[in-house]
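Biologist: Before we start, could you take me through this structure slowly, and tell me what stands behind each term that you use?

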Amino acid sequence: MNGPEPLTGEPLALDLVNTLPHTVDGPPVDHLADAAGLRVWLALQAGRLPEPGRITEADLVAIHQVRTYAVEAIGRARQGERPPQDALRGLNEAQLAAPAVRYAEWRDDRMTVESRRSGSFGAQVAAALAESVVDLLADPAFGSVRECEAADCTMLFLPAHPRRRWCSASRCGNRARVARYYQRHKTT
């Protein structure tokens with residue numbers, strides 16, 4: 001992966017959309033352009049998605065398709081419009097390719113239950129990502145999703161605080177504060 005580390009820590013669906021090429025602090029970077037980038041992003045998402053094994057071209061294609069559907073659906077819904085039917089169909093099909101099953105086991109004298117998916121690695125990740133997009137679209141908090149206010153940033157985030165303006169205080173927030181300081185103190 002080239003460029004800065006991708007923004008993470010938002011709902012998984014927004015973290016996925018935020019992997020698209022953006023231009024903050026340098027040339028545009030697609031964090032999922034190749035298997036190495038996907039591996040880095042999956043490591044940053046540890047515990048939220050399946051652990052990567054061997055990543056194939058088909059895995060990348062499946063994940064890129066879900067990201068495309070996510071961008072289309074989230075973009076339209078943020079504008080108050082109905083998401084495209086193709087995007088919704090694609091998200092549903094991705095989930096059907098590796099449905100989650102509540103798997104029960106008896107361990108250490110107690111019942112444990114975890115969600116498991118079958119299918120290839122790419123199908124499992126694509127299904128989990130599609131599920132997160134659908135969950136976000138249906139969440140009442142979806143109306144609070146914002147785009148970073150930095151002029152050169154298109155990252156999306158779900159603010160925990162109503163006054164949050166930037167995708168990251170350490171990235172865009174710091175750059176905005178430095179720019180304001182510079183404007184106040186520059187000599188003419």
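Biologist: How many helices and strands are there in the chain?

Modeller: This is a predicted model, and its chain holds six helices and four strands. Read along the sequence, these elements follow the pattern α-α-α-α-β-β-α-β-β-α, and the C-alpha atoms fill a box of roughly 70 × 40 × 35 Å along the principal axes.

Biologist: What makes H3 oblique to H4?

Modeller: Helix H3, residues 57-78, packs with helix H4, residues 85-97, at an angle of about 140°, and their axes are 9 Å apart. An angle counts as roughly antiparallel over 145 degrees and as roughly perpendicular from 65 to 115, and because about 140° belongs to neither range, H3 is oblique to H4. The crossing in which H3 passes H4 is left-handed.

Biologist: Which residues of H3 and H4 meet?

Modeller: From H3 come Val66, Tyr69, Ala70, Glu72 and Ala73, which meet Asp86, Ala87, Gly90, Leu91 and Ala94 of H4. By class, the residues of this contact of H3 with H4 are seven nonpolar, one polar and two charged.

Biologist: Why are H4 and H5 called oblique to each other?

Modeller: The axes of H4 and helix H5, residues 121-138, cross at roughly 135° and come within 7 Å. Since roughly antiparallel is kept for angles over 145 degrees and roughly perpendicular for 65 to 115, the value of roughly 135° falls in neither class, and H4 and H5 are therefore oblique to each other. H4 passes H5 in a left-handed crossing. On the H4 side the contact is made by Leu88, Leu91, Ala94, Gln95 and Ala97, and on the H5 side by residues including Ala123, Ala126, Ala130, Val134 and Leu137. The contact of H4 with H5 divides into 11 nonpolar residues, one polar and one charged.

Biologist: How do you know that H3 is roughly parallel to H5?

Modeller: The axes of H3 and H5 come within 8 Å and cross at roughly 10°. Angles under 35 degrees count as roughly parallel, so the value of roughly 10° makes H3 roughly parallel to H5. Among the H3 residues in this contact are Asp59, Ile63, Val66 and Ala70, and among those of H5 are Phe121, Val125, Leu129 and Leu137. By class, the contact of H3 with H5 has 15 nonpolar, one polar and one charged residues.

Biologist: Which residues are the closest to the centre of the largest pocket?

Modeller: The largest pocket holds about 210 Å³ of space. Of the 13 residues that line the largest pocket, Val17, Leu20, Val71, Thr154 and Leu156 are the closest to its centre. H3 gives the most to this lining, with four residues, and by class the lining has seven nonpolar, four polar and two charged residues.

Key: Residues numbered from 1 in each chain as written. Predicted model: local features only at pLDDT ≥ 70, side-chain atom pairs only at ≥ 80, totals over all residues. Heavy atoms only, no water. Axes fitted to C-alpha atoms, helices over the stretch in contact; angles between N-to-C directions. Helix = DSSP H or I, 4+ residues; strand = E, 2+ residues; numbered from the N terminus. Left-handed = near helix turned anticlockwise from the far one by under 90°. Contact = heavy atoms within 4.5 Å. Nonpolar A, V, L, I, M, F, W, Y, C, P; charged D, E, K, R; others polar. 1 Å grid on protein atoms, 1.4 Å probe; cavity = no way out; pocket = protein on both sides within 12 Å on 5 of 7 lines; lining within 4 Å. Points joined across faces, edges and corners; volume = space filled by probe spheres on them.
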